[in-house]
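Student: Could you take me through the enclosed spaces inside this protein? I would like a close look at what lines them.

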Amino acid sequence: MKIINKLLYGLVIFTVGSMAQAQGNFTTTSEIRAALETGTTTSELLVSRYLKQINQLNDKLHAVTQLSPSAMEEARRLDRLRREGQILGPLHGIPVLLKDNIDTGDGLANTAGSILLNDNIPTKDAFLVQQLKKRGAIVLGKANLSEWANFRSTKSSSGWSGTGGQARNPFDLSRSPCGSSAGSAIAVSAGMIPLAVGTETDGSITCPAAVNGIVGIKPTLGLISRSGIIPISAYQDTAGPMATTVTGATLMLDAMVGQDPRDNDSLAPSGQYADALNPEGLKGKRIGVVRNLMGYSPQTDAVFELALTVLQEQGATIVDNANIETLEKIHGLEFELLAWEFKDALNEYLANSPSQYKSLEALITANQNARETEMPFFGQEIFEMAQGSRGRKEEGFVNKIEELRRLARAQGIDATMAKHNVDILIAPTVSPAWKIDHINGDHFTGSATTPAAVAGYPHITVPMGFVQHLPVGLSFFASANQEDRLIAAAYNYEQASKQRRAPRFLNGDPAPYISGTN
């Protein structure tokens, strides 16, 4: 899957002999910023380096689908501005990848992973892309995803798309990268890019971040604009940053936020989230353990118990059994309402897009006609279920949405935090990555993602340790607009635990990592 062509003419392709080489000289955003500030590298060199990484690794990982034709020119422009003393923001001159469901105006298609949208070439950037560019980021290209953000089939294989093929977990190529922001997470984890944008309806940032051993932030609904993103539901969708460190993700969050008049839920940021990067962010905090978001992976739960010790050592008080009592009711309502909303939300996006397909109904027919390419492994029963509904006109839709939000917010996360007098709730993010299975689909056993996703509340996952050779993540979540306390706690935990590891690009089940060692 060679996607590098003219952009690499004149560049020397190097051989990756180790993970350190595969990631170049930099593994964190802080290191890149320092190198740019001291002049030991340039944005042009960074773009060249990451193009080489992608060229070297993408046939193995299937993480990147498109590259921007303007990236190198933009790097040179930003280098010139730096020499002139003009710094646009915290990401000045740093390359990023966008999940391939986000509009750009640089000639790239916005495909949602489907070959049917290869003609969907927007004329302008999504608002979040405009924000990133204003703050100095370089859009290097698009990342593979679970096609249609994993909302086409109940038997899907996470990380598979018609445009990009099967994305693979860099810790074990036989295992799933989770979905739907699979390519974004893989690319960051494998050192193909320092930062990437994912999107989430329920777990699509936090699950791939956790199983690929990186940091993911799903912010409060509306903090990052949704305009220019192929939707599932306006009630849960949000974009968010993915990085190897909490610092990198936080700097990217600062660069992405901004109030957008095209997004009715859009919020103005209340300050710089980087100010919350506190190495003592856990001190004095009361942390609630949500036990009824556990139990689907005993090995992951065992790693979680070690994490609790770290939290206590850093000055946090652990409050056990801070369970969300409305959890079963939330699960019972969520899926059907998402399907109803999806029909209308997608039709609205398509109606205003360059795509030849202007409705979900048209896509269903086109998928059937392109079955060998689009549906070789799984079907489109979610598409068909959504199309068979009346969309937002289903009886009681608005009332059920309000009920679902109440169950997740006032009666869920808010009530739990108040009852137990805690500042933050935690749980293991998700099980270790499962084997890729194109016959039966994903072997997903459970996760901690749903309450914060349905509520539209912030959720951060940080590397927590390993189950054998596979990374698992620790989730921090809380009520609306409490990103600052989550960032402080996640940063403190990250710095104290140091559980981030580079992937080994292995097949099968080799000798394990041991949590707590380097």
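**Cavities in the predicted model**

Tutor: Happy to! This is a predicted model, and it contains 4 cavities of 30 Å³ or more. Let's begin with the largest cavity, which holds about 90 Å³ of space. Its lining is made up of 12 residues, and F26, T27, G191, I193 and P194 are the ones closest to the centre. By character, the lining of the largest cavity splits into 6 nonpolar and 6 polar residues, with no charged ones.

Now for the second largest cavity, with a volume of about 70 Å³. Around this space you will find S233, Y235, Q236, E334, L337, L338, E341, I401, L404, R405 and V454. Two elements, α11 (327–351) and α15 (397–420), each give two or more residues to this lining. Helix α11 provides the largest share, 4 residues. The lining of the second largest cavity has 6 nonpolar, 2 polar and 3 charged residues.

While you have the model open, have a look at the aromatic rings too. There are 11 aromatic pairs. In one of them, W160 and F378 meet edge-to-face, 5.4 Å centre to centre and with 80° between the planes. This pair links distant parts of the chain, 218 residues apart: W160 sits in strand β4 (residues 160–161), and F378 in the loop between α13 (371–374) and α14 (381–387). W160 counts as buried because its relative accessibility is 6%, and F378 counts as buried at 8%. Elsewhere, W148, F151, F335, F342 and F383 form one aromatic cluster.

Conventions. Residues numbered from 1 in each chain as written. Predicted model: local features only at pLDDT ≥ 70, side-chain atom pairs only at ≥ 80, totals over all residues. Heavy atoms only, no water. Phe/Tyr/Trp six-rings, centres within 6.5 Å; stacked < 30°, edge-to-face > 60°. Buried < 20%, exposed > 50% of the residue type's maximum accessible area, 1.4 Å probe, protein only. 1 Å grid on protein atoms, 1.4 Å probe; cavity = no way out; pocket = protein on both sides within 12 Å on 5 of 7 lines; lining within 4 Å. Points joined across faces, edges and corners; volume = space filled by probe spheres on them. Nonpolar A, V, L, I, M, F, W, Y, C, P; charged D, E, K, R; others polar.
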